[in-house]
Amino acid sequence: MSSVNYAEKIPNNVNLSTDRTLQRALEHWQPRFLQWWHEMGPTDFEKADVYLRTAISVDAQGWAHYGAVKMPDYRWGIFLADPVADRRIGFGDAMGEPAWQQVPGEYRSVLRRLIVTQGDTEPASVEQQRLLGHTCPSLYDLRNLFQVNVEEGRHLWAMVYLLHAYFGRDGREEAEELLARHSGDADKPRILTTFNEPISDWLSFYCFTYFTDRDGKYQLKSLAESAFDPLSRTCRFMLTEEAHHMFVGETGIGRVVKRTLEVMKELGTDDPQRLRAHGAVDLPLLQKYLNFWCSSSLDLFGSEISSNAASNFAAGLKGRPDESQYEDHVLRGAMLKLATPEGEQEVPMLNALNEVMRESYLKDCEIGLKRWNRQIERAGSGFRLSLPSGRFRRSIGSWAGLPVTPQGELVSREAYEQRLAEWVPSEADRAFVHSLMKKVVAPGKMAAWIAPPERGINNLPVEYEYVKLH
Ligand code: BYC
């Protein structure tokens with residue numbers, strides 16, 4: 001296991017100091033990153049001491065380091081999972097050949113595009129969440145938000161390292177562009193759809209970390225299979241960080257459900273208006289937020305039928321998550337039946353891999369739903385939360401722009417437009433959720449719309465002052 005060298009300007013476990021040119025190039029990018037963090041990262045919390053975890057080595061124990069840090073002083077660095085001796089390509093036409101330590105010329109631009117797309121999402125999410133600190137429901141949540149933010153900043157470092165180390169001048173230019181595009185910017189938006197959606201309330205934040213970070217999990221897992229070994233090693237370590245983000249989402253939504261059930265019990269009603277009057281998020285409203293963020297995140301898998309997906313897989317650039325669980329790793333000749341708006345189509349499996357991933361992602365999303373529904377059932381309510389159909393509100397792929405209900409039924413455009421406000425948050429719903437968003441920063445206190453977490457961070461009590469605001 002390799003430990004992280006914190007004595008250097010850029011903490012790393014890649015022996016950065018042995019490559020002076022690369023080290024200088026990254027040290028040149030570092031102040032630009034810090035400037036970006038200052039301008040586009042969490043507003044107004046630069047002086048706060050935040051109880052953050054920092055990686056000190058890339059093995060499981062390496063996470064044990066927690067301490068109070070001012071975010072601009074966070075030690076963002078470059079950490080790759082340890083190499084696997086004699087690693088071989090695990091899928092595609094070059095299966096069984098040695099993994100690549102350098103980028104093969106013919107795949108240079110495609111690999112760069114994949115790395116840039118992955119890298120672009122990381123600062124995008126920090127930008128999307130920059131104002132949330134002002135309306136945090138508790139210090140515990142504020143700390144979790146900042147933990148997520150600094151780790152997304154580190155994920156950007158992970159991709160920028162690859163661009164600088166393996167893609168020469170093009171890579172350095174792309175690294176600059178990663179700081180020049182901004183979430184929601186009219187002229188230079190972020191690359192992928194969901195990363196231009198505003199996240200202006202905490203319900204959206206929990207849904208984003210539940211659904212969109214889970215897309216991150218799936219994409220990182222598929223890139224962790226890559227024949228390009230440095231990308232694989234980077235993604236393997238990033239996955240350990242990603243797990244906490246999804247935890248924040250799942251427990252965040254679970255705590256909203258818990259609080260709503262308490263208010264339903266207190267008032268003896270499930271009437272949304274009465275619950276809202278008592279400052280709780282009624283379950284149908286939560287369902288609308290789930291519909292919104294789930295459908296948006298489903299677009300992040302790309303089109304159902306994709307020649308990009310086919311060539312990426314065949315070339316060994318991007319596999320399926322947990323590739324070893326499958327029997328056929330080449331997929332030449334394999335076919336899949338896909339439901340399209342034109343009816344069922346049989347397509348080469350290689351071209352349908354985005355859909356294969358989307359389906360396993362949806363199954364993974366079900367886990368939290370089951371847990372929340374168990375809470376609801378135990379409280380004696382007949383309401384059940386559900387995931388929208390993979391065809392609902394799609395902007396990418398064969399179902400893009402079609403009037404489909406959350407149950408997956410194609411309806412008239414008129415009916416769809418009329419009913420959309422029943423399925424995703426309306427202006428009034430968003431205004432109500434925003435009205436709940438009031439900053440609560442007394443240690444251990446929670447906003448009235450969310451239950452406290454079951455436990456604090458790193459065995460500390462929930463009442464611990466996770467962020468010292470000064
Ligand atoms: N929005 O054949 P297609 C995360 C583009 S999240 C805009 O349909 P393909 C995180 C596509 O780029 C994980 N454009 O799909 C979470 C392509 O454009 P080019 C991020 C889209 O290429 C929370 C064209 O449409 N990582 O880490 O098979 C917080 C045709 O593409 C969209 C990755 O995504 C869209 N939704 O797959 C922080 C991994 N969908 O190239 C972080 C890297 C498609 O022809 N990216 N397009 O100009 C990829 O693997 C693939 O680019 C995609 C698309 C899965 C995104």
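What radius of gyration would a compact globule of 470 residues have, and what does the chain have? The expected value is near 23 Å, and the chain has 23 Å, so the two agree. The structure described here is a predicted model. Along its principal axes, the C-alpha trace spans about 65 × 60 × 40 Å. The fold is built with 12 helices and five strands, and 58% of the 470 residues count as buried.

Helix 10 is a good place to begin a tour of these elements. Residues 353-378 make up this helix, 26 residues in total, and the distance from the first C-alpha to the last is 38 Å. That reach is close to the 38 Å expected at 1.5 Å a residue. Just after helix 10 comes Gly380, whose phi is positive, at about 85°.

Charged pairs come next. Side chains of opposite charge can pair when their charged atoms come close. Across the whole structure, 30 salt bridges are found. One of them joins Asp141 to Arg255, with 2.9 Å between the closest N and O atoms. Asp141 belongs to helix 3 (residues 139-166) and Arg255 to helix 6 (residues 229-267), so this pair ties together parts of the chain that are 114 residues apart in sequence. Both partners, Asp141 and Arg255, are buried.

Other salt bridges lie within a single helix. An α-helix has 3.6 residues a turn, so residues three or four places apart point the same way. In helix 4 (residues 168-180), Glu173 and Arg169 are four residues apart, about one turn of the helix. Their closest N and O atoms are 3.7 Å apart in the salt bridge. Arg169 counts as exposed because its relative accessibility, 57%, is over 50%. Glu173, with a relative accessible area of 44%, is partly exposed.

Helix 11 (residues 413-423) offers another such pair, with Arg419 and Glu422 three residues apart and thus separated by about one helical turn. The salt bridge between Arg419 and Glu422 brings the closest N and O atoms to 3.2 Å. Here Arg419 is partly exposed at 38% relative accessibility, and Glu422 is also partly exposed, at 47%.

Salt bridges can also be followed through a network, which links Asp299, Glu304, Glu355, Arg358 and Arg394. Two of these residues, Glu355 and Arg358, fall within the 353-378 range of helix 10. Asp299 appears again at the ligand, where one of its backbone N or O atoms lies 3.0 Å from a ligand nitrogen.

Which residues come nearest to the ligand? Of the 28 residues around the ligand, these are Gln118, Ser303, Ser306, Asn308 and Lys318. For Ser306, a polar side-chain atom lies 2.7 Å from an oxygen atom of the ligand. The side chain of Thr193 also takes part, with an N or O atom 3.0 Å from a nitrogen atom of the ligand. Taken alone, the ligand exposes 1,000 Å², and the protein buries 82% of that area.

Definitions and conventions: Residues are numbered from 1 along each chain as its sequence is written. This is a predicted model: local features need pLDDT of at least 70, side-chain atom pairs count only at pLDDT 80 or more; totals for chains, interfaces and linings use all residues. Side-chain values use heavy atoms; hydrogens and water are left out. Helices (H or I, at least four residues) and strands (E, at least two) are DSSP runs, numbered from the N terminus. The expected span of a helix is 1.5 Å times one less than its number of residues. A salt bridge is a side-chain nitrogen of Lys or Arg within 4 Å of a carboxyl oxygen of Asp or Glu. Buried means under 20% relative accessible area, exposed over 50%, partly exposed in between (1.4 Å probe, protein chains only). A residue is near a molecule or strand if one of its heavy atoms lies within 4 Å of it. A polar contact is a pair of N or O atoms within 3.5 Å; within protein, one must be able to donate a hydrogen and the other to accept it, and residues adjacent in sequence count only if both atoms are side-chain atoms. Accessible areas come from the Shrake-Rupley method with a 1.4 Å probe; for residues, only the protein chains shown count as cover. The radius of gyration is taken over C-alpha atoms; the globule rule is 2.2 Å times the number of residues to the power 0.38.
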